[in-house]
Structure formats: structure tokens, C-alpha cells
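The following account leads through a protein model residue by residue, from a strand to a pocket and then to several loop positions. Please keep the structure in view while reading.

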Amino acid sequence: MSREIINRYFEAFNAGDTETMLALVSDDVEHFVNQGEMRKGRALFEEFCAHMGVSYREQLRDMVIFVNDHATRAAAEFTVHGEYLQTDPGLPEATGQTYILPAGSFFALKGDKITRITTYYNLQDWIRQVSQ
């Protein structure tokens, strides 16, 4: 069940289907943004997704999903293939640059809901790629 939930989450991400992503997270989801503040709750997660959808177009490829024996924790390793569409405050100017980054996400699950999402990638590598 946990592997299916995580797989559905990433399929929805790749399809730009925020509604399905929101349906898979708990009301009090904890979202740890790469090198940023933790956002708690579905509303803040939805706000983050909306922002990302405007500033970036990304596809996650080469997905490998790992799940613990108790179906309470999961992890995924993947490669982000993206395009930087709109300048994000404090980051380089967006001019449609493309980038490819290895990344990973970690999840906590309770029942059929994701209760924690933590995503990591190398921000300095991303900055280097979009600054060239």
C-alpha cells in the first residue's frame, strides 16, 4: 500500500496533478523543503505546489522507491529534469534554463496518507546549472 501511495504521488507530480497530490497528504502534513523552512498543513503544501508550478516545469525520472517493512516510511531516489520558467526570489534570473539533478525524497505515512515529505537535492549544483 505504501509503495502504491508514493508511486501515485510521483505520477501525479509528473502529470502536474496537484489535486491528486493534495488528496494523498494528511491535513497536518509536514513538508520539509530543501534548505528551507518546514511547512505544516495541506494549505501550505498547496501554496508551495502552486508556486512551483509557475516557476518550474519538472519531470522526475529513473525513480526507485524504497518502503520499510511496517509501511510507515518510504524513500525515493530519482533524477529531476527541469526547466526554470519564472524567477524565484533570491535565486538567479529565469530565462527558460534547463537542468538535470539527482534528488531524493523521504516520507512518513499513516494509513493511506503521507504525513511527512522531505526532499533533498544539491542547490549549489542547480544554481551552477541555471547560471551558465
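**A guided reading of the model**

At a distance of 3.2 Å, the side chain of Ser-26 reaches the backbone nitrogen of Val-29. The model discussed here is a predicted one. Ser-26 belongs to strand E1, which covers residues 25-32. A further polar contact joins the side chain of Ser-26 to the side chain of Asp-28, at 2.9 Å. Ser-26 is classed as buried because its relative accessibility is 9%, the cut-off for that class being under 20%. When residues up to four places away in sequence are not counted, Ser-26 touches Arg-42, Lys-113, Ile-114 and Thr-115.

Beyond strand E1, the chain enters a loop between E1 and strand E2 (38-40), and Gln-35 has its place there. Although Gln-35 is not a glycine, its phi is positive, at about 50°. Gln-35 counts as exposed because its relative accessibility is 60%, and the exposed class requires a value over 50%. A positive phi recurs at Asp-62, which is not a glycine either; here the angle is about 55°. Asp-62, however, is placed in strand E3, residues 56-67. With a relative accessibility of 58%, Asp-62 therefore counts as exposed.

The next subject is the largest pocket. The space within the largest pocket amounts to about 1000 Å³. Its lining consists of 41 residues, and those closest to the centre are Phe-48, Met-52, Tyr-56, Glu-58 and Tyr-121. Which helix gives the most to the lining of this pocket? Helix H3, residues 42-55, does so, with 7 residues.

One of the residues closest to the pocket centre, Tyr-56, leads to Asp-88, since Asp-88 is in contact with both His-51 and Tyr-56 once neighbours within four places in sequence are left aside. Asp-88 lies in the loop between strand E4 (73-84) and strand E5 (98-110). What is the nearest side chain of opposite charge to Asp-88, and how far away is it? That side chain is Arg-39, 8.2 Å away. Asp-88 is buried and yet has no salt bridge, a term that calls for a side-chain nitrogen of Lys or Arg within 4 Å of a carboxyl oxygen of Asp or Glu. The side chain of Asp-88 does make a polar contact with the side chain of His-51, at 2.7 Å.

The loop between E4 and E5 also holds Thr-95 and Gly-96. Is Thr-95 buried or exposed? Thr-95 counts as exposed because its relative accessibility is 61%. Thr-95 and Ser-131 are 36 residues apart along the chain, and their C-alpha atoms are separated by 9.9 Å. Gly-96 counts as partly exposed because its relative accessibility is 29%. Leaving out residues up to four places away in sequence, Gly-96 touches Glu-83 and Tyr-84. In the other direction along the chain, 14 residues separate Gly-96 from Lys-110, and the distance between their C-alpha atoms is 38 Å.

Taken together, the loop between E4 and E5 contains a buried residue, Asp-88, an exposed residue, Thr-95, and a partly exposed residue, Gly-96.

Note on methods
Residues are numbered from 1 along each chain as its sequence is written. This is a predicted model: local features need pLDDT of at least 70, side-chain atom pairs count only at pLDDT 80 or more; totals for chains, interfaces and linings use all residues. Side-chain values use heavy atoms; hydrogens and water are left out. Helices (H or I, at least four residues) and strands (E, at least two) are DSSP runs, numbered from the N terminus. Buried means under 20% relative accessible area, exposed over 50%, partly exposed in between (1.4 Å probe, protein chains only). Lys and Arg count as positive and Asp and Glu as negative; His and the chain ends are not counted. A polar contact is a pair of N or O atoms within 3.5 Å; within protein, one must be able to donate a hydrogen and the other to accept it, and residues adjacent in sequence count only if both atoms are side-chain atoms. Contact means heavy atoms within 4.5 Å. On a 1 Å grid over the protein atoms alone, a cavity is a set of points where a 1.4 Å probe fits but cannot get out, and a pocket is an open set with protein on both sides within 12 Å along at least five of seven lines; lining residues have an atom within 4 Å of a point. Grid points are joined across faces, edges and corners, and a volume is the space filled by probe spheres set on the points.
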